[in-house]
Amino acid sequence: MGIPAVAVVTDEFITPARAQASALGRPGFEAVYVPHPIQDHTAEQIAARADAVAAEIVRRLTGA
C-alpha cells in the first residue's frame, strides 16, 4: 500500500518475528527490538526504552 511501517517487538520474539516475516515473503524484514519484558515496568521505564529506539524507527520510516 506504500505506507511506511515499522514493527516493534520485544527481543523475546526475535525468532518468531523473523519466521513470520519469512512466511509472509519478507525474509529480510527486521523489526526494531526492545528488551523483554515490558509488562512489569513503570511508564518511565517503558518511555526510556521507546526513547532508545525512536531514532531507528524514524530512520526506517523516512529512509533518512
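This is a short tour of the chain, stop by stop, with something to select each time.

**Before you click**

What you have open is a predicted model, where local features need pLDDT of at least 70, side-chain atom pairs count only at pLDDT 80 or more, and totals for chains, interfaces and linings use all residues. Residues are numbered from 1 along each chain as its sequence is written, and side-chain values use heavy atoms, with hydrogens and water left out.

**Stop 1: the whole chain**

Show the chain as a cartoon. You'll find two helices and two strands, and their order from the N terminus is β-α-β-α. Helices (H or I, at least four residues) and strands (E, at least two) are DSSP runs, numbered from the N terminus. Along the principal axes, the C-alpha atoms fill a box of roughly 35 × 25 × 15 Å.

Now switch on the surface. The chain exposes about 4,700 Å², and carbon and sulfur atoms supply 61% of that; accessible areas come from the Shrake-Rupley method with a 1.4 Å probe, and for residues only the protein chains shown count as cover. Of the 64 residues, 14% are buried. Here buried means under 20% relative accessible area, exposed means over 50%, and partly exposed is in between (1.4 Å probe, protein chains only).

**Stop 2: Thr10**

Select Thr10, which sits in strand E1 (residues 8-10). Is Thr10 buried or exposed? Its relative accessibility is 12%, so Thr10 counts as buried. Next, add Tyr33, Val34, Pro35, His36 and Ile38 to your selection: these are what Thr10 is in contact with once you leave aside its neighbours within four places in sequence. Contact means heavy atoms within 4.5 Å.

**Stop 3: Glu30 and Arg18**

Time for some charges. A salt bridge is a side-chain nitrogen of Lys or Arg within 4 Å of a carboxyl oxygen of Asp or Glu. How many salt bridges does this rule give? The count comes to three.

Select Glu30 and Arg18 and show their side chains, which meet in a salt bridge at 2.8 Å, N to O. Glu30 lies in the loop between helix H1 (14-23) and strand E2 (32-34) and Arg18 lies in helix H1, so this pair ties together parts that are 12 residues apart in sequence. Both ends are partly exposed: Glu30 has 28% relative accessibility, and Arg18 has 41%.

**Stop 4: Glu56 and its partners**

Move on to helix H2 (residues 43-62), where you can select Arg59 and Glu56, three residues apart, about one turn of the helix. Their side chains form a salt bridge at 2.7 Å, N to O. Keep Glu56 selected and add Arg60: those two side chains also meet in a salt bridge, this time at 2.6 Å, N to O. Why are Arg60 and Glu56 separated by about one helical turn? Because they are four residues apart in helix H2. With shared partners, the salt bridges join Glu56, Arg59 and Arg60 into one network.

Colour the trio by accessibility if your viewer allows it. Glu56 is partly exposed at 26%, Arg59 is partly exposed at 41%, and Arg60 is partly exposed at 32%.
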